[in-house]
Amino acid sequence: MPTPSLASLPIRRLTLRDLASCAGLSEDRGWPREEHKWGFLLTAGKGFGIDDPEGGLVAACVVTEYGAWDRPELGAIGMVLVADRHARKGVGRRLMRHVVAAMGTTPLTLHATPYGRPLYEELGFKTTGRAEMLKGHFTPGGAEPGVSTRAATAEDLPAILRLDEEVFGADRTPLIARLPAFADQLRVAEEDGRVIGYVGAWPNMDTHVVGPLIARDTETAKALIASLAALTDRPLRTDIDVRHEELLAWAKARGLASVAFNAVMTYGITDLPGDWTRRFAPLTVAAG
C-alpha cells in the first residue's frame, strides 16, 4: 500500500488515550515526556493531532478555552509539536490553521519560542509581550517579605477563583479547580483574612514549576515563591512577565538563572485581558 501524503492525513481531536503518543512526540523533539502536564492539558483543554500511519503522532497541540463554556472569551494554544521526521514540511502550519479556524472568532494567545515565532506571525499572531524563563535552586537571603502565607484549603477555592478571574480577565474555573490534584503545593497569601494572592508548584521532571502566580504586588509574589521554595528540594522553574523587573532581579539574586525568552502573542485582540500588574507567571506557558 502506498504511504498517504501528509496533506491527506486527517486532523482529529485527541483524548487521554493519546497520552503516551503525545509524550512520545515531546521526547522525539528533545523535550521531556511531561506526561503529568500532557494529562492535565488533555483533560482541561482540547487536543488536536494527526496520526502517523507508521504509529504515534505526526503532530499535536492543545487549546485551553476560558470564559463561558459555550462562548469562550480566550483560547490559549500550546504544546505545538511536529515529529522530527516530518518537520519543515508544512505540517505545523496546517495544524495551526485548522485550530485557528476551529476557534472561529475567539481571541487566541500563545507563548512562542524564537523558532516558532515566524510561523505564528505568518498566521496573523502579533507579539504583545515577553516572558523570561528562570530555573535554579532557590537560596533564601535578604529581608524576608512581610506577607503572611499558608497552605490553601478547600475553603479557599471560591476566593482563589474570584481573584483569578479578576486578575486574568476571564473565568478559568475548569483549570484552576484542578490545581489541588495537579500541583504538589497550592498556597495563598492573605491579609486580614482576605486572600491577596495564590501560587501553585507542580512537578515537571526534576523541577517544580511555579505557576500560576497571582499576587497583589511584588512583595506578595516574593513571599509566595519563598514559601514554596522552603518546602521543596527540587529546582524551581517559572516564566515571569518581563515587566516585573523587581521580581526578576530578586529571583536571580536567589539562585534562579535566566534560561530563555518567549514571545507572548495574540490573535484577534491587541493585548491580553485582565490586570498584568498582578499576573506574574502563568500556570504553564502552554495554557496561559
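This report describes the overall form of one protein chain and then a few of its local backbone features.

The model is predicted, and its protein chain contains 9 helices and 13 strands. For 288 residues a compact globule would be expected to have a radius of gyration near 19 Å, and the 19 Å of the protein chain agrees with this, while the C-alpha trace spans about 70 × 35 × 35 Å along its principal axes. Of the 288 residues, 52% are buried, and among contacts with a separation of 6 or more, 72% are between residues 24 or more positions apart. The protein chain exposes about 12,900 Å², of which carbon and sulfur atoms supply 53%. Its side chains include 33 positive and 36 negative ones, with the centres of the two sets 5 Å apart.

Helix α2, residues 35-44, is largely enclosed by the rest of the structure, because 7 of its 10 residues are buried; these are Lys37, Trp38, Gly39, Phe40, Leu41, Leu42 and Ala44.

Most residues other than glycine have a negative phi, and most peptide bonds are trans. Two residues with positive phi are set out below.

| Residue | Phi | Place | Relative accessible area |
|---|---|---|---|
| Glu34 | near 50° | loop between α1 (19-28) and α2 | 7%, buried |
| Arg88 | near 60° | loop between β4 (71-82) and α3 (91-102) | 68%, exposed |

Glu34 is thus a buried loop residue, whereas Arg88 counts as exposed. A further backbone feature is the cis peptide bond joining Gly211 and Pro212, with omega about 0°; Pro212 is placed in strand β10, which covers residues 207-215.

How values were computed:
Residues are numbered from 1 along each chain as its sequence is written. This is a predicted model: local features need pLDDT of at least 70, side-chain atom pairs count only at pLDDT 80 or more; totals for chains, interfaces and linings use all residues. Side-chain values use heavy atoms; hydrogens and water are left out. Helices (H or I, at least four residues) and strands (E, at least two) are DSSP runs, numbered from the N terminus. The radius of gyration is taken over C-alpha atoms; the globule rule is 2.2 Å times the number of residues to the power 0.38. Buried means under 20% relative accessible area, exposed over 50%, partly exposed in between (1.4 Å probe, protein chains only). Contact means heavy atoms within 4.5 Å. Accessible areas come from the Shrake-Rupley method with a 1.4 Å probe; for residues, only the protein chains shown count as cover. Lys and Arg count as positive and Asp and Glu as negative; His and the chain ends are not counted. The place of a charge is taken as NZ of Lys, CZ of Arg, CG of Asp or CD of Glu.
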